[in-house]
Amino acid sequence: MAIPPLEGLAWAIQWFYLPLSGNSLLAHGFTLGNGAIVITAMWWILQRRFRNPSLPLLSKFLSYPVVSYLHLMGLGFMVVGSRGLAAALPNLSRFYLVFSGDWLLFLLLILTLTPDRQALLDWARYGSSAVVRDLIWGDRSPAPLAIALNLVLTASTTLIWVGSWEGESFRLREAATLLTISLALLLMLYAVAVQLIAFGYLNRAEPGCWALSPWSPFCR
């Protein structure tokens, strides 16, 4: 990867074309702002678990802004001008970085959003008549619909970025589009599988633990 010349270092680190390394006020504001967001989110999560340890680590209500925030943070460093450091990478390489980040993000989302078995059984037995609302916002309801909505949010922004690629062939953009859709469908199937396991096949294990399949033998 080519290193930009010294006179171009002011533009080297960009986030959605903003030259963070070229303006100390902007860079410090960006860092402090993101630090405040992360600390606030962690405080909400800790408060939530302290009040009721049986709840999932992340609420469905909070999952939508958290997932959008993390996805856009990663995507923003790939959407740069011609003088940005990431511009030295081909579009496809940057796409693979975003692709890998989204894969990890949604594995963690499945882990933190899936209720335990008893909460799911209680919801199935005593759930309210507003099923759709519960599936979107409820903490004790199954997670696949909320995960699907998060997938739509992240896939949409990724596809908009892929569509904005200049100088790339139609076949390359088509391949990136198909990969994005395939990842969304695969993660959706994975989330449904984890939920079905939690409903029917695990009596003692934490179902969210099975979201990280290499460690599933240790889920007891």
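**Notebook: helix 1, a pocket, a cavity and Thr154**

I began with helix 1 and noted that its buried residues pack against strand 1 (14–15) and helix 2 (60–76). The model I consulted is a predicted one.

**Entry 1. Helix 1**

I listed the buried residues of this helix as Phe30, Asn34, Ala41, Ile45 and Arg48. I recalled that an α-helix has 3.6 residues a turn, so residues three or four places apart point the same way.

I then checked the length. Helix 1 runs over residues 24–51, 28 residues in total, and spans 40 Å between its first and last C-alpha, close to the 40 Å expected at 1.5 Å a residue.

At the N-terminal end of helix 1 I found a cap supplied by Asn23, with a side-chain oxygen 3.0 Å from the backbone nitrogen of Leu25.

**Entry 2. The largest pocket**

I recorded a volume of about 480 Å³ for the largest pocket. I counted 19 lining residues, of which Ala41, Ile45, Leu58, Val66 and Leu70 are the closest to the centre of the pocket. Helix 1, helix 2 and helix 3 (91–113) are the elements that give two or more residues to this lining.

Which helix gives the most to the lining of the largest pocket? I found that helix 1 does, with seven residues. I also noted that Ala41 and Ile45, both among the buried residues of helix 1, are among the lining residues closest to the centre of the pocket.

I sorted the lining of the largest pocket by class and obtained 17 nonpolar residues, two polar residues and no charged residues.

**Entry 3. The largest cavity**

I searched the whole structure and found one cavity of 30 Å³ or more. The largest cavity holds about 110 Å³ of space. Its lining has 13 residues, and those closest to the centre are Asp102, Ala155, Thr158, Thr180 and Leu183.

I traced the lining of the largest cavity to its elements: helix 3, helix 6 (144–163) and helix 7 (170–200) each supply at least two residues. Helix 3 contributes the largest share, with five residues. By class, I entered nine nonpolar, three polar and one charged residue for the lining of the largest cavity.

**Entry 4. Thr154**

I located Thr154 in helix 6. Is Thr154 buried or exposed? I classed Thr154 as buried because its relative accessible area is 4%, and the cut-off for buried is under 20%. Setting aside neighbours within four places in sequence, I found Thr154 in contact with Val67, His71 and Phe106.

How values were computed:
Residues are numbered from 1 along each chain as its sequence is written. This is a predicted model: local features need pLDDT of at least 70, side-chain atom pairs count only at pLDDT 80 or more; totals for chains, interfaces and linings use all residues. Side-chain values use heavy atoms; hydrogens and water are left out. Helices (H or I, at least four residues) and strands (E, at least two) are DSSP runs, numbered from the N terminus. The expected span of a helix is 1.5 Å times one less than its number of residues. Buried means under 20% relative accessible area, exposed over 50%, partly exposed in between (1.4 Å probe, protein chains only). Contact means heavy atoms within 4.5 Å. A polar contact is a pair of N or O atoms within 3.5 Å; within protein, one must be able to donate a hydrogen and the other to accept it, and residues adjacent in sequence count only if both atoms are side-chain atoms. On a 1 Å grid over the protein atoms alone, a cavity is a set of points where a 1.4 Å probe fits but cannot get out, and a pocket is an open set with protein on both sides within 12 Å along at least five of seven lines; lining residues have an atom within 4 Å of a point. Grid points are joined across faces, edges and corners, and a volume is the space filled by probe spheres set on the points. Ala, Val, Leu, Ile, Met, Phe, Trp, Tyr, Cys and Pro count as nonpolar, Asp, Glu, Lys and Arg as charged, and the others, Gly among them, as polar.
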